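Dear colleague,

Please find below the sequence and the structure that I am handing over to you. My notes on what was found follow directly after them.

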Amino acid sequence: MRMWCGSRMARWVAASLAVAISASVAMTAEEPGSKDAKSKAIAKDAKSGTKKAADEAKPAGKKREEFTTGSSDVLISYINEQIRQGWADNEVEPSEVAGDGEWIRRVYLDIVGHVPPMEDIEKFLADKDKAKRSKLIDKLLDDPAYVRHWTTVWANLTIGQTAPRDVSRKGMEKFLREAFTRNRPWNEVVVDIVAAEGNYEENGAVNYILAQMVMPDDGVQATAKTTRLFMGMQVQCTQCHNHPFNDWQQRQFWEFNNFFRQLTKRTVQKYDAKAGRNVTDYVELNRRDNVDDHVTYERRNGLIEAAYPRYFGQDAEVAKKDKDGWDVNRREVLAKLMTEGEKPLVSLAMVNRMWSQFFGYGFTKPVDDLGPHNPASHPDLLDRLGAEFVKSRYDVKQLVRWICNSEAYNLTSQATKANEEKDNPAAGTTALFSHVYLKSMSAEQLYDSLIVATNAHKSGRSSWEQAEDKKRVWLRQFVTTFGTDEGDESTTFNGSIPQALMMMNGELVKDAISAQKGSFLNAILSETPQDKDRIRRLYLTTLGRNPNAKEQQMAAGVVRVPNDQKLAAYQDMFWALLNSNEFIFIH
């Protein structure tokens with residue numbers, strides 16, 4: 001707990017108030033495109049005689065300029081046309097294009113999972129290349145942090161943030177890391193995950209199925225999870241009855257379940273002399289032989305029926321033997337059926353989920369419930385992207401390029417009064433993507449962003465190994481407090497008391513604002529002599545932008561103290577910035 005004398009408490013209150021005002025201003029009024037921002041810009045221009053602010057205040061009724069990131073891909077033009085048609089059909093005026101500072105922070109968080117380093121922000125803001133956004137997207141896709149971030153995202157989706165018993169997160173992450181490093185076609189990744197067999201360390205893909213075998217349920221959980229995660233269909237309720245809102249029948253659930261009836265798990269133990277007991281050595285996912293070709297289930301009227309392995313009415317070839325004389329792997333048969341065709345559900349589900357990862361909402365809500373009962377907001381665009389994803393050979397990086405180069409992704413998060421009323425998915429409206437929706441960081445994004453912004457893992461630590469050990473301890477605490485295992489869509493920060501206390505008083509934040517050798521605060525205090533420049537660097541590293549005139553004035557007042565109190569004043573300012581909504585949200 002932060003314990004201060006009265007004078008420091010007053011300074012902390014002033015710092016917090018300044019940042020609270022800055023966050024409110026930055027996230028609601030002072031971004032390009034808002035009416036308040038324009039009026040303030042005009043007033044500032046009249047007072048200072050500069051031309052820049054007047055240029056930003058565009059006259060009403062002026063035709064909107066054609067937007068481009070510099071990419072020449074024709075599919076991006078189609079995406080823009082479809083989204084614009086949605087605006088026109090719903091009589092919604094889109095927000096302005098995001099400023100470079102807002103956009104670079106967003107694209108870093110979405111592609112590589114952390115805020116941009118201050119040096120990268122300064123370089124990007126100074127770059128006059130009209131194609132700099134498109135070039136930065138390509139650069140980030142080749143960054144090792146891209147692999148780390150998406151490995152974490154899909155490990156959480158497949159096995160949860162806290163791996164169940166007899167599941168190796170290390171093995172799952174190794175498989176995913178290799179897949180994203182090589183940019184393997186997504187259909188091949190899905191086939192390997194669904195059909196996996198063997199040791200949970202040697203073939204990490206088996207951990208997906210192992211995570212669905214916590215309870216002995218004849219593959220019911222694996223059936224429901226696979227259709228939901230990889231096909232975008234929620235059919236879990238149909239194990240007991242026909243779906244109330246679509247054409248999915250109870251019989252179809254058990255036809256799919258038939259593919260998972262060969263599952264068997266083998267846990268191998270060894271004696272641990274130090275612990276004085278047997279411990280798990282490794283786990284294997286194996287295939288049972290001579291399994292019945294049908295499963296039986298009870299209908300609601302009490303009748304018992306049989307279900308054979310079929311894929312949407314198509315009989316599956318499962319009566320064959322493999323090269324070793326075993327029954328064919330039914331899950332492999334299913335995985336190949338799932339990825340066949342010009343526009344399979346696997347493609348549509350991945351497009352929808354990736355769009356949701358970047359925008360906070362997919363073309364359907366929820367993101368994993370595709371079907372005629374839940375129409376997509378932009379059905380033609382979803383279909384076209386699904387087909388193009390297949391044509392690209394399921395190139396995940398190319399899919400990210402299409403999304404991040406789109407006009408919708410490059411808009412500001414500042415909604416106008418008009419488009420906020422008609423385009424507010426959090427309030428139940430259809431997502432029209434007329435502005436970028438606020439998203440809270442994941443536990444991992446928040447941790448990594450604190451590290452990048454502050455060098456907290458290096459402060460006061462002499463070795464890389466010690467820093468990495470501390471990082472792992474911190475991350476476990478953050479995931480436990482911030483994360484959920486459900487994987488549900490969420491665009492709001494939870495804001496629970498444990499979360500708030502961890503951000504206010506946790507060891508990570510304490511080290512982050514320290515002035516020990518290696519910390520960011522130590523660097524700016526020792527290398528930057530002027531308070532004005534120090535404040536600017538604090539804002540850049542935390543919020544990705546320069547302070548406006550009012551923020552600069554208030555922050556200068558906070559740090560205008562005797563030299564023996566200067567460090568404490570900067571610590572209070574840094575602490576307040578790290579605890580601001582503007583830092584925690586992706587906008």
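**Salt bridges and a small sheet**

A total of 32 salt bridges is counted. Please bear in mind that the model is a predicted one.

Three of the pairs are described here. To begin with, Arg536 and Glu122 form a salt bridge in which the closest N and O atoms are 3.0 Å apart. This pair connects distant parts of the chain: Arg536 belongs to helix 24 (residues 531-543) and Glu122 to helix 6 (residues 118-126), with their positions 414 residues apart. As to exposure, Arg536 has a relative accessible area of 26% and is partly exposed. Glu122 is likewise classed as partly exposed, at 29% relative accessibility; the class applies because each value falls between the limits of 20% and 50%.

A further salt bridge is found between Arg251 and Glu255, again with a distance of 3.0 Å between the closest N and O atoms. Both residues lie in helix 13 (residues 250-257); they are 4 residues apart, so about one helical turn separates them. How exposed or buried are Arg251 and Glu255? Arg251 is partly exposed, with a relative accessibility of 37%, whereas Glu255 is buried, at 1%.

The last of these pairs is Glu388 with Lys391, whose closest N and O atoms are 3.8 Å apart. Helix 16 (residues 379-391) holds both residues, which stand 3 residues apart, or about one turn of the helix. Glu388 is buried, with a relative accessible area of 17%, while Lys391 is exposed, at 62% relative accessibility. Salt bridges with shared partners also join Arg251, Glu255, Arg310 and Asp315 into one network.

I turn now to the strands. The model contains an open sheet of 3 strands in the order 1-3-2, and the pairing is antiparallel. Which strands stand at the edges of the sheet? They are strand 1 (198-199) and strand 2 (263-272); each has a single partner strand, so one side of each has no neighbour in the sheet. Strand 1 and strand 3 (residues 277-287) run antiparallel and are joined by 2 bridges. Opposite Asn199 stands Glu284, a residue of strand 3.

When you open the structure, you may wish to view Arg536 and Glu122 first, as the pair that links helix 24 with helix 6. The network of Arg251, Glu255, Arg310 and Asp315 could then be viewed as a group.

With kind regards

Note on methods: Residues numbered from 1 in each chain as written. Predicted model: local features only at pLDDT ≥ 70, side-chain atom pairs only at ≥ 80, totals over all residues. Heavy atoms only, no water. Salt bridge = Lys/Arg side-chain N within 4 Å of Asp/Glu carboxyl O. Buried < 20%, exposed > 50% of the residue type's maximum accessible area, 1.4 Å probe, protein only. Pairing = 2+ DSSP bridges.
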